[in-house]
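The following exercises ask you to read geometry, burial and enclosed space from a set of coordinates. Each task is followed by a solution worked out in steps.

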Amino acid sequence: MIEILIKRAKALEAVRRFFSFRSFVEVETPNLVPYKNPDDNVENVRATFSDWRGRRFDWYLHTSPEFFMKRLLWHGMERIFQVCKVYRDGETGPLHSVEFTIVEWYRVGADYRAGMEETLSLINEVAKALGASPFSEPVYLTVEEAYKEFAGVELSNRELVAERFGSGSFEEAFFRLLVEKVEPALSGFDSPVVLYDYPEEFSAVAKVEGGTARRFEVYLKGVEIANGYTELTTYSEYKRVFSKKGGAEDYGLLKLLEERPLPPCEGVALGFDRLVMVLTGSSCLKEVMPFSTLSLLEELPSSQ
């Protein structure tokens, strides 16, 4: 445990040095929030508390600092980053943990291509700090190219893909092929792989242009490490995003956006624990996360 704590400390120091050199400001935002994550594939951990009058509130532990960091962008900050714990219900396994550490950053006046460069540079900076060899030149593949090469399908033919692999659902087929075909193929690359330009169905909070979401993901050894976007900026766009799930509407952010939009910007979220896992040659998150959720579950008596 001592060895991994020292490595995590060196990696965190490298992260902060990287952003300081690029004139980013480290910020803090709430872990306890009144809003759900609007993504149907992400569930919040619930948190209940009382005020001094004894009134009970059912809130949530955040799954990402994203929307509060965007409030800071609205107020005029231009380059910000955060290292924090986040929480996602139902996520336990070799590559998942209910509680984990995320590095998230936003930069005004840039798009997702700048986010790709920052992510790859940050990965090499942390690798250097841990005594690992820097990665060779990355491989860039559009999502369309990756699915054609590794799954043998044309994503543009949505109906056929849905019928063959997703019981009629394109979204189901997309994720099935990602897990069964694409990600296993990416594990054979020694270089980082950048998948970019996603179908608009998987835009999340990324700008969509011509039916393509300006979104990217970075993989190391087949493990997703980071996810970035050219960000949405307007009230109507965020209103649409928040309306997808009950309890997700961020009234504070929407109130600001009614007055004026966010400035054009890019944003990236990087899984710190996964990065340390890959760079240290570990096989699962539990090996690089002292007191991980999974290890704590395993120490409980079987009756619990």
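**Exercise 1. The largest cavity**

Which element gives the most to the lining of the largest cavity, and with how many residues?

*Solution.* Bear in mind throughout that this is a predicted model. Begin with the search of the whole structure, which finds one cavity of 30 Å³ or more, and note that the largest cavity has a volume of about 160 Å³. Next, consider the wall: 16 residues line the largest cavity, and V33, Y35, K36, S64 and F67 are those nearest its centre. Assigning the lining to elements then gives the answer, which is helix 2, with three residues. Sorted by class, the lining of the largest cavity comprises eight nonpolar, five polar and three charged residues.

**Exercise 2. A residue of helix 2**

Determine whether L72 is buried, partly exposed or exposed, and list what L72 contacts beyond its neighbours within four places in sequence.

*Solution.* First locate the residue: L72 belongs to helix 2, which spans residues 66-74. The relative accessibility of L72 is 23%, and because the partly exposed class runs from 20% to 50%, L72 counts as partly exposed. Once the neighbours within four places in sequence are set aside, the contacts of L72 are V27, T29, M77 and I80. A further distance links L72 with a remote part of the chain, since L72 and L262 are separated by 190 residues in sequence but by 9.8 Å between their C-alpha atoms.

**Exercise 3. Two strand residues**

Establish where E104 and Y87 are placed, and work out for each whether the residue is buried or exposed.

*Solution.* Take E104 first, which is in strand 6, residues 99-108. The relative accessible area of E104 is 2%, and because buried means under 20%, E104 is buried. Apart from neighbours within four places in sequence, E104 is in contact with S64, P65, E66, M69, I80, F81, Q82, V268 and A269. One of these partners, I80, is 24 residues from E104 along the chain, and their C-alpha atoms are 8.5 Å apart.

Now turn to Y87, which is found in strand 5, residues 79-87. With a relative accessible area of 14%, Y87 is likewise buried. Not counting residues up to four places away in sequence, Y87 touches N31, E43, V45, L61, H62, T63, V98 and E99. For T63, the C-alpha separation from Y87 is 5.0 Å, across 24 residues of sequence.

**Exercise 4. The packing of helix 4 and helix 6**

Describe how helix 4 and helix 6 are arranged relative to each other, and name the residues that meet.

*Solution.* Two packed helices are described by the angle between their axes and the distance between the axes. For helix 4 (residues 143-150) and helix 6 (residues 170-186), the angle is about 80° and the axes are 10 Å apart. Because angles of 65 to 115 degrees count as roughly perpendicular, helix 4 and helix 6 are roughly perpendicular to each other. On the helix 4 side the residues in contact are V143, A146, Y147 and F150, and on the helix 6 side they are F174, L177, L178, K181, V182, A185 and L186. By class, this contact has 10 nonpolar residues, no polar residues and one charged residue.

**Exercise 5. The second largest pocket**

Which elements give two or more residues to the lining of the second largest pocket?

*Solution.* The second largest pocket holds about 150 Å³ of space, and its lining consists of T142, V143, E144, L155, S156, R158, D197, Y198, P199, G211 and T212. The elements that give two or more residues to this lining are helix 4 and strand 8 (193-199). Strand 8 gives the most, with three residues. The classes in the lining of this pocket are four nonpolar, four polar and three charged residues.

**Exercise 6. Positive phi in two loops**

For A204 and K221, state the phi angle and find the loop that holds each residue.

*Solution.* A204 is not a glycine, and yet its phi is positive, at about 55°. A204 lies in the loop between strand 8 and strand 9 (208-209), and it is partly exposed, with a relative accessible area of 29%. K221, also not a glycine, has a positive phi of about 55°. The loop that holds K221 runs between strand 10 (212-220) and strand 11 (223-230), and K221 counts as partly exposed at 39% relative accessibility.

Key
Residues numbered from 1 in each chain as written. Predicted model: local features only at pLDDT ≥ 70, side-chain atom pairs only at ≥ 80, totals over all residues. Heavy atoms only, no water. Axes fitted to C-alpha atoms, helices over the stretch in contact; angles between N-to-C directions. Helix = DSSP H or I, 4+ residues; strand = E, 2+ residues; numbered from the N terminus. Parallel < 35°, antiparallel > 145°, perpendicular 65-115°, else oblique. Contact = heavy atoms within 4.5 Å. Nonpolar A, V, L, I, M, F, W, Y, C, P; charged D, E, K, R; others polar. Buried < 20%, exposed > 50% of the residue type's maximum accessible area, 1.4 Å probe, protein only. 1 Å grid on protein atoms, 1.4 Å probe; cavity = no way out; pocket = protein on both sides within 12 Å on 5 of 7 lines; lining within 4 Å. Points joined across faces, edges and corners; volume = space filled by probe spheres on them.
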